[in-house]
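Here's a quick briefing to read alongside the model. Have the sequence and the 3D view open while you go through the points.

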Amino acid sequence: MKKAMLKSLAAALAVAVTAVAASAQDRFVVERHGDAGAQTVLFVPGLASSGQTWDGAVGDLGENADIHVFTLAGFAGVPAVETGSDGFIASAAGAISDYIAQGGYSDVVLVGHSLGGQVALQVAARSSDAVSAVMVVDSVPFYARLFNPAATPEQAAASGEMFAAQMSNLPREQFLAMMGQGLPVQSLDTGFHATLTDWFAASDQETVALAFGEVSGSDFSPVLEEIDVPVLILAPWAPGAPVDAETLQTMYAAQYAPLENGSVEIVEGARHFLMIDQPAAFSARLARFLADNR
């Protein structure tokens, strides 16, 4: 009881401290939900996505967690900021690590989707004393190698820079049309496509281009060797996918082989936004993962 009271007090103080920090660095906005005395869970959405990505999971957790939901700068209506020489993902990870430190949070569970999954892994490496587990939702550290097993980091970097330049320079209507072309692979829920379209339209084009170029052109694998906490990777599969579910699991497991304590699970009947396509299955896995890592 005393521990819970102290944690609640620390969390209340942290809100005031981190609000100042967030306004100074402007690298994200964060919404708080749940019980400040419960297990701390940080949700990070992906490219051009809002923290509303996690609404279903947040509702299912209710008061059983101290929930922090991020939306990154430049995405879904949050004003863009200069990334700096470290790059988009490292800058976001640094800001979230600062948030954890300034808030005095411990035993943090990170949940990241897509680009947010790589941000979460970077945070886990930076804040190893404060992070107890990571759930990665449909994200791999070497994106280019999913499509070309022989891709080198140098080749990926060159392609990523090209993609970033092309996306950044597209007329706005063409950029939004290009983003819209990917909707069928984002989610099986066609009703959710309108929400995604709104998020794209509210995102800063240059930031999205830079972030996508970084994800598609980087090999983040080296950070995996710095992470020794449990990491659960969820990968979606649905009929029509280019490979069968077993092959997909093998591909993802190979990407995360350097992890000391990692595992891959396939969520069937879903595409990239698997928490939207299979909300009950996602919430069940999340609840189990949180219980296993209290």
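One cut-off to start with: a residue counts as buried when its relative accessible area is under 20%. By that cut-off, Phe43 and Trp54 are both buried. Keep in mind that this is a predicted model. The points below start with the sheet, then move on to the helices, rings, core and salt bridges.

**The sheet**
- What order do the strands take in the open sheet? Going across its 7 strands, you read S1-S3-S2-S4-S5-S6-S7, and the pairing is mixed.
- S1 and S7 sit at the edges with a single partner strand each, so each of them has one side with no neighbour in the sheet.
- From one strand to the next, the twist averages 20 degrees.
- Strands of a sheet pair through backbone hydrogen bonds, in either a parallel or an antiparallel way.
- S1 and S3 go for the antiparallel option, with 7 bridges between them.
- Within that pairing, look for Val30, which stands opposite Phe70 in S3.

**Helices on the sheet**
- Helix H11 (residues 245–255) packs on the sheet, where it touches strand S6 (231–237) and S7. The direction of H11 makes about 150 degrees with that of S7.
- Helix H13 lies across strand S2 (39–44), strand S4 (108–113), strand S5 (131–137), S6 and S7. Relative to S5, H13 runs at about 160 degrees.

**Aromatic pairs**
- How many aromatic pairs does the structure hold? The count is 12.
- One of them joins Phe43 and Trp54: the ring centres are 5.2 Å apart and the planes meet at 40 degrees, so this pair is tilted.
- Phe43 belongs to strand S2, while Trp54 is in the loop between S2 and helix H2 (55–61), so the pair ties together parts 11 residues apart in sequence.
- Phe70 and Tyr99 make an edge-to-face pair, at 5.2 Å centre to centre with 75 degrees between the planes.
- That pair links distant parts of the chain, with Phe70 in strand S3 and Tyr99 in helix H3 (residues 88–103), 29 residues apart.
- Are Phe70 and Tyr99 buried or exposed? Both are buried.
- Ring pairs also join Phe28, Phe70, Tyr99 and Tyr105 into a cluster.

**The nonpolar core**
- In soluble globular proteins, nonpolar side chains tend to be buried together.
- Here, the largest nonpolar core has 84 residues. The residues with the most contacts inside this core are Phe43, Leu72, Ile96, Val111, Val119, Val134 and Phe282.
- Helix H3 supplies the largest share of this core, with 8 residues.
- Take Val111: leaving aside residues up to four places away in sequence, Val111 touches Val41, Leu42, Phe43, Val44, Trp54, Met135, Val137, Phe282 and Leu286.

**Salt bridges**
- The model has 3 salt bridges.
- In one of them, the side chains of Asp66 and Arg32 meet at 2.9 Å, N to O.
- Asp66 is in strand S3 (residues 65–72) and Arg32 is in strand S1 (residues 28–34), so this bridge ties together parts 34 residues apart in sequence.
- The two partners differ in exposure: Asp66 is buried, at a relative accessible area of 1%, whereas Arg32 is partly exposed, at 27%.
- Glu265 bridges to Arg285, with the closest N and O atoms 3.0 Å apart. This links strand S7 (residues 262–268), which holds Glu265, to helix H13 (residues 279–292), which holds Arg285, across 20 residues.
- Glu265 also meets Arg288 in a salt bridge at 2.6 Å, N to O. Here too strand S7 is linked to helix H13, with the partners 23 residues apart.
- Glu265, Arg285 and Arg288 are thus linked in a network of salt bridges.
- Within the network, Glu265 is partly exposed at 21% relative accessibility, and Arg288 is partly exposed at 39%.

**A look at Leu176**
- You'll find Leu176 in helix H7 (residues 172–181), where this residue counts as partly exposed at 28% relative accessibility.
- Not counting residues up to four places away in sequence, Leu176 touches Phe200 and Ala201.
- Leu274 is 98 residues from Leu176 in sequence, and their C-alpha atoms are 23 Å apart in space.

Methods. Residues numbered from 1 in each chain as written. Predicted model: local features only at pLDDT ≥ 70, side-chain atom pairs only at ≥ 80, totals over all residues. Heavy atoms only, no water. Salt bridge = Lys/Arg side-chain N within 4 Å of Asp/Glu carboxyl O. Helix = DSSP H or I, 4+ residues; strand = E, 2+ residues; numbered from the N terminus. Buried < 20%, exposed > 50% of the residue type's maximum accessible area, 1.4 Å probe, protein only. Pairing = 2+ DSSP bridges. Axes fitted to C-alpha atoms, helices over the stretch in contact; angles between N-to-C directions. Contact = heavy atoms within 4.5 Å. Phe/Tyr/Trp six-rings, centres within 6.5 Å; stacked < 30°, edge-to-face > 60°. Core = buried A, V, L, I, M, F, W, Y, C linked by side-chain atoms within 4.5 Å.
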